[in-house]
Amino acid sequence: FGAVFTQCPFKDGYDVTIGTSERGTSVDQLQLADFRHLLVVFGGLKGLEASLESDEKLTENDPSFVFDHYINTCPGQGSGTIR
């Protein structure tokens with residue numbers, strides 16, 4: 001999972017990183033400044049937390065500390081998954 005950050009194809013990395021989860025902050029509150037390179041990561045069925053925990057090289061398991069923005073794209077979704 002961490003390779004998406006460490007093997008970024010852009011010299012200076014991503015300007016903005018966004019992780020999505022039903023546990024994130026409402027997308028309605030998101031404000032983005034201008035950027036050139038944006039990374040959006042969607043969690044799997046077990047969420048971004050499980051992805052972070054499974055990466056032995058990452059020391060942080062809380063997505064809100066890994067991404068610039070940790071958002072919920074569908075507040076009040078009423079379902080564990082979005083299709």
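Is Glu22 buried, exposed or partly exposed? With a relative accessible area of 41%, Glu22 is partly exposed. The close-ups below start from this residue and then move on to other parts of what is a predicted model.

**Figure 1. Glu22, Arg23 and Glu49 join up in a network of salt bridges.** Side chains of opposite charge can pair when their charged atoms come close. In this view, the closest N and O atoms of Arg23 and Glu22 are 3.2 Å apart, giving one salt bridge. Another salt bridge links Arg23 to Glu49, and here the closest N and O atoms are separated by 2.9 Å. Arg23 belongs to strand β1 while Glu49 belongs to helix α2 (residues 47–54), so this pair ties together parts that are 26 residues apart in sequence. The count of salt bridges comes to two. The surroundings of the partners are worth a look as well: Arg23 is partly exposed, at 46% relative accessibility, whereas Glu49 is buried, at 16%.

**Figure 2. Ser21 sits in strand β1, which covers residues 16–26.** Is this residue buried or exposed? Ser21 counts as buried because its relative accessibility is 11%, and the cut-off for buried is under 20%. Its side chain reaches the backbone nitrogen of Arg23 at 3.0 Å. Once neighbours within four places in sequence are set aside, the contacts of Ser21 are Glu49, Tyr70, Ile71 and Asn72. Glu49 will be familiar from the previous view, where it is a salt-bridge partner of Arg23.

**Figure 3. Five residues make up the largest nonpolar core.** Its members are Leu39, Val41, Leu48, Phe67 and Tyr70. Zoom in on Leu48 and you will find Val41, Phe67 and Tyr70 among its contacts, with neighbours within four places in sequence left out. Under the same exclusion, Leu48 also touches Phe1, Gly19, Thr20, Phe42, Gly43 and Pro63.

**Figure 4. Phe5 is placed in helix α1, residues 3–6.** A relative accessible area of 26% makes Phe5 partly exposed. Which residues does Phe5 touch, not counting those up to four places away in sequence? They are Thr17, Leu39, Val66 and Phe67. Of these, Leu39 and Phe67 are members of the largest nonpolar core. Val66 is 61 residues from Phe5 along the chain, yet the C-alpha atoms of the two are separated by 9.9 Å.

**Figure 5. His37 lies in the loop between β1 and β2.** Although placed in a loop, His37 counts as buried, with 18% relative accessibility. Which residues is it in contact with, leaving aside neighbours within four places in sequence? The contacts of His37 are Phe10, Gly13, Tyr14, Asp15 and Val16.

**Figure 6. A nonpolar patch on the surface brings together Leu32, Phe35, Leu38, Val40 and Phe42.** Together these residues have about 440 Å² of accessible area. One of them, Val40, is found in strand β2, residues 38–42. Val40 is partly exposed, with a relative accessible area of 37%. Phe42, another member of the patch, also appears among the contacts of Leu48, a residue of the largest nonpolar core.

How values were computed
Residues numbered from 1 in each chain as written. Predicted model: local features only at pLDDT ≥ 70, side-chain atom pairs only at ≥ 80, totals over all residues. Heavy atoms only, no water. Patch = residues over 30% accessible without salt bridge, like charges linked within 9 Å, V, L, I, M, F, W, Y side chains within 5 Å. Areas by Shrake-Rupley, 256 points an atom, 1.4 Å probe, with all protein chains shown as cover. Salt bridge = Lys/Arg side-chain N within 4 Å of Asp/Glu carboxyl O. Helix = DSSP H or I, 4+ residues; strand = E, 2+ residues; numbered from the N terminus. Buried < 20%, exposed > 50% of the residue type's maximum accessible area, 1.4 Å probe, protein only. Polar contact = N/O pair within 3.5 Å; in protein donor to acceptor, adjacent residues only side chain to side chain. Contact = heavy atoms within 4.5 Å. Core = buried A, V, L, I, M, F, W, Y, C linked by side-chain atoms within 4.5 Å.
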